[in-house]
Amino acid sequence: MPTIDQAHHWYPDLDPVHGFDHVLRVYRMAERLALVEGADVEIVHAAALLHDAEGSATAGGEIGRSNHHHASSEFARQILEAENWPPEQIAAVQHCILSHRFRDDSEQPQTLEARVLYDADKLDAIGAVGVARALAFALQAGQPVFASPSDKFLESGQLEPGEPHSAYHEYLFKLRKLKASLSTPTGQQLAEDRHRLMQDYFTNLAAEMEFTTKPCPQR
Ligand SMILES: [Fe+2]
Ligand SMILES: [Fe+2]
C-alpha cells in the first residue's frame with residue numbers, strides 16, 4: 001500500500017494548487033466519504049495518494065495538466081505492480097484516477113470508489129480552500145483574479161482573442177458547476193456550504209470590480 005510519506009515525494013510542497021497539501025486533504029476527505037458511504041478504503045486511499053502524481057503541477061502548463069489523469073493512472077499502475085497488487089485492484093485504482101478530471105468526461109466515475117475520489121477532489125476545489133486555490137492558480141499562471149467575461153465566453157466557454165482566463169472565468173466555466181456533479185450523499189451535503197461561500201465570494205468580487213472600474217457618474 002502506498003504510504004503518505006511515499007506520496008510526499010511525488011508532489012511539490014510549494015504548489016498551493018496541486019501540491020502535497022491538496023493531496024493530503026483529498027486523502028482525508030476521501031477516507032471520510034469512503035467510511036460513511038461503504039467504499040473500499042484501500043482502493044480509495046491508493047487512488048487519492050496517486051491521483052495527481054504526474055503532470056498536474058501548474059508549472060507544467062496546460063498540455064501536461066490536460067493529460068495528467070492518464071499520466072497519473074500509468075504511474076499508479078507501475079507503483080502498484082511493483083507492490084504486487086492484483087490486476088483487478090490496480091484496475092479499480094486506475095479507474096478512479098482516469099475518471100476524476102472534470103474537463104474530461106470520456107470516462108465517468110462508475111464505481112463507488114471512483115465517485116468517492118471525484119467528490120473528495122472537487123470538494124477541495126470549492127469553498128474557502130477552493131477560492132484560495134483558484135486565486136493561487138490564476139497568479140501562478142500569470143492571469144488576473146478578475147476580468148469581465150466576454151459574451152462569447154458566457155455563451156460558449158470559449159475565450160475571445162486576447163481575453164484572459166481569470167479566476168472569475170474559472171468560477172463561471174467550472175467551479176460553480178461542481179456541486180451538481182457530485183454523486184455521493186455525504187459529498188453533496190458537504191458541498192452545500194462550500195458552494196454558497198464560493199458563490200458569495202465570486203459574486204462580490206465581480207460586483208466590486210465592476211463598480212470600481214466604472215467612472216463615477218457625478219464627474
Ligand atoms: Fe487532478
Ligand atoms: Fe486533485
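Colleague: Happy to start away from the metals: where does N84 sit along the chain?
Modeller: This is a predicted model, and in it N84 is not part of a helix but of a connecting stretch. The helices on either side of that stretch are α5 and α6, the latter spanning 87-98. N84 therefore has its place in the loop between α5 and α6, and at 67% relative accessibility, above the 50% cut-off, N84 counts as exposed.

Colleague: What is the phi of N84, which is not a glycine?
Modeller: Most residues other than glycine have a negative phi. N84 is not a glycine, yet its phi is positive, at about 60 degrees.

Colleague: Now to the metals: which residues are the protein donors of the iron ion (ligand 1)?
Modeller: Along the chain, the donors of this iron ion (ligand 1) follow the spacing D-x15-H-x31-H. The aspartate gives an OD atom and each histidine its NE2, at 2.1 to 2.2 Å from the metal. The protein donors of the iron ion (ligand 1) are D52, H68 and H100.

Colleague: Which residues coordinate the iron ion (ligand 2)?
Modeller: Here the donor residues of the iron ion (ligand 2) are spaced H-x28-H-D-x68-D. The histidines bind through NE2 and the aspartates through OD, at 2.1 to 2.2 Å. The iron ion (ligand 2) is coordinated by H22, H51, D52 and D121.

Colleague: Which residue bridges the iron ion (ligand 1) and the iron ion (ligand 2)?
Modeller: A bridging residue has to appear among the donors of both metals, and one aspartate is listed for the iron ion (ligand 1) and again for the iron ion (ligand 2). The two ions lie 3.7 Å apart. The bridge is D52.

Colleague: Are D52 and H68 buried or exposed?
Modeller: D52 lies in the loop between α3 (41-50) and α4 (61-66), and H68 lies in helix α5 (residues 68-82), 16 residues apart. The relative accessible area is 3% for D52 and 5% for H68. Since buried means under 20%, D52 and H68 are both buried.

Colleague: What is the geometry of the site of the iron ion (ligand 2), tetrahedral or irregular?
Modeller: Ideal angles at a metal are 109.5 degrees for four tetrahedral donors. Among the four donor atoms of the iron ion (ligand 2), the angles run from 83 to 172 degrees, whereas a tetrahedral site needs every angle between 85 and 135 degrees. The site of the iron ion (ligand 2) is irregular.

Colleague: How many residues of α7 are buried?
Modeller: α7 (112-123) has twelve residues, and its buried residues include D121, one of the donors of the iron ion (ligand 2). Among the others are E113, Y118 and K122. The helix is mostly covered, and its buried residues number ten.

Colleague: Which element gives the largest share of the lining of the largest pocket?
Modeller: This pocket holds about 580 Å³ of space and is lined by 27 residues, with H18, R103, F137, E170 and K174 nearest its centre. Two or more lining residues come from each of α4, α7, α8 (127-140) and α10 (167-173). The largest share, five residues, is given by α8.

Colleague: And which element gives the most to the lining of the second largest pocket?
Modeller: About 170 Å³ of space lies in this second largest pocket, and of its 13 lining residues the closest to the centre are S99, Q108, P109, Y118 and S181. By class, the lining has three nonpolar, four polar and six charged residues. With three residues, the element that gives the most is α7.

Notes:
Residues are numbered from 1 along each chain as its sequence is written. Chains are lettered from A and ligands numbered from 1 in the order in which they are written. This is a predicted model: local features need pLDDT of at least 70, side-chain atom pairs count only at pLDDT 80 or more; totals for chains, interfaces and linings use all residues. Side-chain values use heavy atoms; hydrogens and water are left out. Donors are N, O and S atoms within 2.8 Å of the metal (3.2 Å for Na, K and Ca); water is not among the atoms, so sites may look incomplete. Helices (H or I, at least four residues) and strands (E, at least two) are DSSP runs, numbered from the N terminus. Buried means under 20% relative accessible area, exposed over 50%, partly exposed in between (1.4 Å probe, protein chains only). Four donors count as tetrahedral if all angles lie between 85 and 135 degrees; four count as square planar and six as octahedral if opposite donors are over 155 degrees apart and all others between 65 and 115; anything else is irregular. On a 1 Å grid over the protein atoms alone, a cavity is a set of points where a 1.4 Å probe fits but cannot get out, and a pocket is an open set with protein on both sides within 12 Å along at least five of seven lines; lining residues have an atom within 4 Å of a point. Grid points are joined across faces, edges and corners, and a volume is the space filled by probe spheres set on the points. Ala, Val, Leu, Ile, Met, Phe, Trp, Tyr, Cys and Pro count as nonpolar, Asp, Glu, Lys and Arg as charged, and the others, Gly among them, as polar. The expected span of a helix is 1.5 Å times one less than its number of residues.
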